[in-house]
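Subject: Two-chain model, handover

Hello,

Here is the structure we talked about. Please look it over first; my notes follow below.

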Amino acid sequence: MDLIDILNKIKERLKPGKIKKKFLRSPLKSASALTLIIAFVALIFYAVHLNMVIRRKFDGKRWSIPAVVYARPLELFSGLALTADQMEMELLLAGYRSESEVKDPGGYERRGDTIRLVSRDFHFPDGLEESLPLIVTFADNRISKIGHIVSGENISLARLDPARIGSFHPRRHEDRILVTKEELPLILIRTLIAVEDKKFTKHFGIDPLAILRAAYINFRAGSTLQGGSTLTQQLVKNFFLSNERTMWRKFNEAIMALLLEAHYSKDEILTAYANEIFLGQDGGRAVHGFALASQFYFHKDLRDLKPDQIAVLVGMIKGPSYYDPLRHPDRCLKRRGVILEVMQQEKIISDDQYRLAMVAELLDSRRVMSGFNRYPAFLDLVRRQLSQDYRQEDLTSDGLKILTTLDPLVQAQVEQELTATLEELEKETDTNDLEGAVVVSTRENGEILALAGGRIPLHSGFNRALDAKRPIGSLIKPAVFLTALKNGYTLSTPLEDMPISLSNPGGGMWTPDNFDHKHHGRVPMMEALVFSYNLATVKAGLDVGVEQVVQTFRMLGAEGDIVPYPSFLLGAVSMSPLEVAQIYQTFSSEGFYIPQRAISSVIGPDNSLLKSYGLSIEQRFNPQHIFLINFTLQRVVSEGTGASISQYLPASLLAAGKTGTSNDLRDSWFAGFTGDRLVVVWLGSDDNKSIGLTGSSGALKVWGRVMAGLDTQPLDLREPPGLEWARVYYSDFGADSRYNGRSEALPFVKGTIPVGAYEVSSPALPAKKLRKLDLLERLRKWFPW
Amino acid sequence: MLIMMMKTIIYHPVRMILRFIVVAALMMNGCAGVEHIDESIISTPAAELLSDAEQALERGDYNRAELQMERAMRVDPRNGQVWHLMARIRYGQGDYGQTVQFCLKSNTLANHDRNLMRQNWLLLEKAYTMLGEMIKAEDARHKAVTI
């Protein structure tokens, strides 16, 4: 350690024998000498302390880069339901530049129904996806053709580089893209030195002449006009010190700058400076470093910046918010002129370059938009799943890339419809603090595509999608009837929808009632679900046992403590919208439990796959039982409590879903799915008061509008083997029953068709075709291969 | 080639006759049907990923195969072939429990594709055997034969 050497040398010199005896003769003099010695030793110890601080912080912090989070990559193929507008929005969110003629990666050009773009290199876990010049043509709200701009050949599948949607830093809200010395453009380095610290290559950390000059100028002006700080001092200030202007801080800064120079090379200091320098604010995120600033202001890689843009960034160092090109373009332009002049004088740029740069537009992209930190609720989920499913030691290396499942287009749709519908509902109900949460996932593999944690998407406070745990009301009913099916019930099993009174385990009586306060007599089980009859549900649930229903509920994916009180049968269990989505995911994926996930993979700094989340599935239910429930949930939407969805969606979509309302209209729920999307919506108020909305008058509206904007696929329920269809006559449901005289064809598990019903062919297959198939089938079975 | 064909004819006369009938019927129908089928296979966006994953699987590069299938699921989630290939990947990785699950899932999406269902049952037989569930394995074998 060089400092310890110095210390030893000083101690050596301070040895009593070496100090002139004359000096120690007077007691006064010797006292002041002692004080001096003590002060000097203290200073040295202080310097040693600062030295340690620097080594520790500098070495540690230089490489502390947060993990970057990406949205799902957009996969383009002809036939994909996507409009040119949506594609343009996706590109802007991914930081693409709108250009008049595309040339470089990250640029696009839109002309009517054609978009030309050059994608950017991106390292996916399966390897590098190289930059590709693409021409994408749209027709009828779909991609009609994808071709290579240069060769013109057809491209069947193209994967774009995903949008950066955020970054995690364990301690602070800041972000940076780290560059090495080699990645810093020479012109930037030269300009930076010319403007901020001319003697950077020569000085030893501080520049006394510059300080004196600055002091003189400031003294004459009577205020602080000029700083004499070297780049090293500025770095120290950014790194370790607060912003206060005191002598003590200046003193610390000077010592630390000296120490920094003693330990590290000029290149290392310059690189650290380039990565550390504060260059503005983007909402809640501080923009640190030239590379990130280049992306943020110009949507370009640092190496692609033109001289005028470099001048903007270097000019901003003096006052990042004062010279902000977005908010104060005039000031910024003036400052850019000053810097460009220096660049010309120092021969960093030629006279021609100078002239061109002086007239260049300040920000060359016409539209600037960023998907960065736009989705705090989703990022919150990513953060939690990361800490839950990844080991801490896997995440300690810096510069991780986290690839997520977020679909920015779906997210945009969700945010827009939630906000708009809540505003309308507030007018209708004369309330003003309605809140909501939405979860959207893929039907088959449980990937979370979008998440709204409240009506104001950019608020990163209370994440209702994850943390608002509310009674789910009738959303529980499919679980009750699924349990009944497991116990031999059928869709036509008669249930008594009659008043019931039970003694509460906690004391008192529990007297549930139907929502419309009517009693419907004997009803077929299917109708009890379609019209959400509470009393018939309680009857079925009590018959099979509440414990069994709780067990079914757990198998569907519920976690946590559930007390098997009878009131559980009517949804007296508090869950978050995300937890509800996990339950309904099991219905939508036809009885397979699939853990929902927001992260698809995590990639290390060397682009290697750290750990893939790995899809795992588990068939937990008899597919026939699930089919019967899903068939009934389709009826909920076509004719039951969810029928008003027809205002938003065509009947041909055959959506399946369920409404839910908690006591006193405190919570309004809708959960349901189509052929490719599962959506769960909750509405309520943060202080848990009544909002005056049922599942169908509230959440259903958001659900319908979100689905309508997603261009979703029809729900084609595939009949599992072992089902039979029969025409059921409802004559024995009682004279006053609304079902009396009705008949309809229903699916049954093989062997459970009720006596008196007539077997019919499945509506999925036309009768004729079925017969034909049967004949072929028999023929084929003659041959045993 | 000729010898192989001869062998096939000798060993599988009934199959050859049936094939002849099928080909004749298709020819009578005009070839449009056949072309249409081919086109639909090629234009499936997942097709490229499936063939890439197939190659990766043969090399034993399960990671790549799996990643390609995860992509395919995003592009074409209701494609039974994709889920079947996932089952084969899991089998290669020695995860027989998940092999079973992915085969079952693939079957729910097979949509009367007998060939796919047969492949699923055959793989199920192997996976159940590895799991020591011999009754289920036998049942799967039976289904593969009779489907």
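How many bridges join strand β4 of chain A to β5(A), and in which sense do the two run? There are four bridges, and the strands run antiparallel. Before going further: this is a predicted model.

**Around β5(A)**

β4 covers residues 107–111 of chain A. β5 covers 114–118. Across this pair, A:Glu109 stands opposite A:Arg116. The hairpin has two residues between its strands. A:Gly112 takes a positive phi there, near 60 degrees.

β5(A) also pairs with strand β8 (residues 133–139) of chain A. That pairing is antiparallel too, over five bridges. A:Thr114 has A:Thr137 in β8(A) as its bridge partner.

The two faces of β5(A) are not alike: A:Ile115 and A:Leu117 form the covered face, while A:Thr114, A:Arg116 and A:Val118 form the uncovered one. So A:Arg116, the residue opposite A:Glu109, sits on the uncovered face.**Chain A as a whole**

Chain A has 23 helices and 33 strands. Of its 785 residues, 43% are buried. Take the contacts in chain A between residues at least 6 apart in sequence: 70% of them join residues at least 24 apart.

**A five-stranded sheet in chain A**

Further along chain A there is an open sheet of five strands. The order is β17-β16-β30-β29-β28, and the pairing is antiparallel. Its edge strands are β17 (448–452) and β28 (656–661) of chain A, each pairing on one side only. On average, neighbouring strands are turned by 5 degrees against each other, direction ignored.

At the β17(A) edge, four bridges link this strand to β16 (residues 434–442) of chain A. A:Val439 stands opposite A:Leu451 there.

Two helices lie across strands of this sheet. Helix α21 (residues 623–639) of chain A crosses β28 and β29 (668–673) of chain A. Its angle to β28(A) is about 70 degrees. Helix α22 (residues 699–708) of chain A lies across β16, β28, β29 and β30 (677–685) of chain A. It runs at about 145 degrees to β30(A).

**Where the chains meet**

On the chain B side, 24 residues are in contact with 26 residues of chain A. Four helices of chain B each supply at least two residues of that side: α2 (13–29), α4 (45–59), α5 (62–75) and α7 (96–108). The largest share, 10 residues, comes from α5(B). By class, the side of chain B that touches chain A has nine nonpolar, six polar and nine charged residues.

**Helix α8(B)**

Does the length of α8(B) agree with its residue count, or disagree? The helix has 17 residues, 114–130 of chain B. At 1.5 Å a residue they should span 24 Å, and the end C-alpha atoms are 24 Å apart, which agrees.

Many residues of α8(B) can be listed as buried, among them B:Leu116, B:Met117, B:Trp121, B:Leu123, B:Leu124 and B:Tyr128. B:Gln119, B:Asn120 and B:Glu125 are also buried. The buried residues pack against α6 (80–92), α7 and α9 (134–146) of chain B. α7(B) thus appears twice in these notes: it packs against α8(B), and it supplies residues to the side that touches chain A. Just after α8(B), B:Gly132 takes a positive phi of about 80 degrees.

Best regards

Technical notes. Residues numbered from 1 in each chain as written. Chains lettered and ligands numbered in written order. Predicted model: local features only at pLDDT ≥ 70, side-chain atom pairs only at ≥ 80, totals over all residues. Contact = placed C-beta atoms within 7 Å. Nonpolar A, V, L, I, M, F, W, Y, C, P; charged D, E, K, R; others polar. Pairing = 2+ DSSP bridges. Axes fitted to C-alpha atoms, helices over the stretch in contact; angles between N-to-C directions. Expected span 1.5 Å × (residues − 1). Buried ≥ 20, exposed ≤ 12 C-beta atoms within 10 Å, placed from the backbone.
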